[in-house]
Amino acid sequence: MGAGPNQDVAIPLLALEVGRDARIAPADGPGAIPSRLEDLGFVPGTRLRVLRRAPFGDPVEVELRGYRICLRAEQMAGLMVLPDGSDSRG
């Protein structure tokens, strides 16, 4: 399977399709990833998958590091990911 045209472009986690794998993109600076999410394992390079979304898109269930968590859109607003097949330089 070939890589897509946007293979190394970070997208908002909120835009990641259900069932698709990604890695958390390197943060732009201090505070780019809320400390509470970092405590939960949302650090650059971590693989994750969006499992499902509520009917209106919020909250979103995400799987990472062997556990699942439901997050509100506002909690994930600043998180960027590199969809599967992306360059994971971070």
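Which residue in β5 does Val62 stand opposite? The partner is Ile69, and this pair is a good place to begin a walk through the model, which is predicted.

## Overall layout

Let's start with the chain as a whole. Its secondary structure consists of 2 helices and 6 strands, arranged along the sequence as β-β-α-β-β-β-α-β.

Of the chain's 90 residues, 28% are buried. The accessible surface amounts to about 5,600 Å², and carbon and sulfur atoms account for 49% of that area. If you look at contacts between residues at least 6 apart in sequence, you will find that 61% of them link residues at least 24 apart.

## The sheet

The 6 strands make up an open sheet with antiparallel pairing, and their order is β1-β6-β2-β3-β4-β5. At the edges stand β1 (11-12) and β5, each with a single partner strand, so each has one side without a neighbour in the sheet.

## One edge: β1 and β6

At the β1 edge, the partner is β6, which covers residues 80-83. The two strands are joined by 2 bridges and run antiparallel. Within this pairing, Pro12 has Met80 of β6 as its bridge partner.

## The other edge: β4 and β5

Back to the strands of the opening question. Strand β4 spans residues 60-64 and β5 spans residues 67-71; they are antiparallel, with 5 bridges between them. Here Val62 faces Ile69 across the pairing.

These two strands form a hairpin with 2 residues between them. In that hairpin, Arg65 adopts a positive phi near 50°, a detail worth a look while you have the structure open.

Key: Residues are numbered from 1 along each chain as its sequence is written. This is a predicted model: local features need pLDDT of at least 70, side-chain atom pairs count only at pLDDT 80 or more; totals for chains, interfaces and linings use all residues. Side-chain values use heavy atoms; hydrogens and water are left out. Helices (H or I, at least four residues) and strands (E, at least two) are DSSP runs, numbered from the N terminus. Buried means under 20% relative accessible area, exposed over 50%, partly exposed in between (1.4 Å probe, protein chains only). Contact means heavy atoms within 4.5 Å. Accessible areas come from the Shrake-Rupley method with a 1.4 Å probe; for residues, only the protein chains shown count as cover. Two strands pair if DSSP finds at least two bridges between them.
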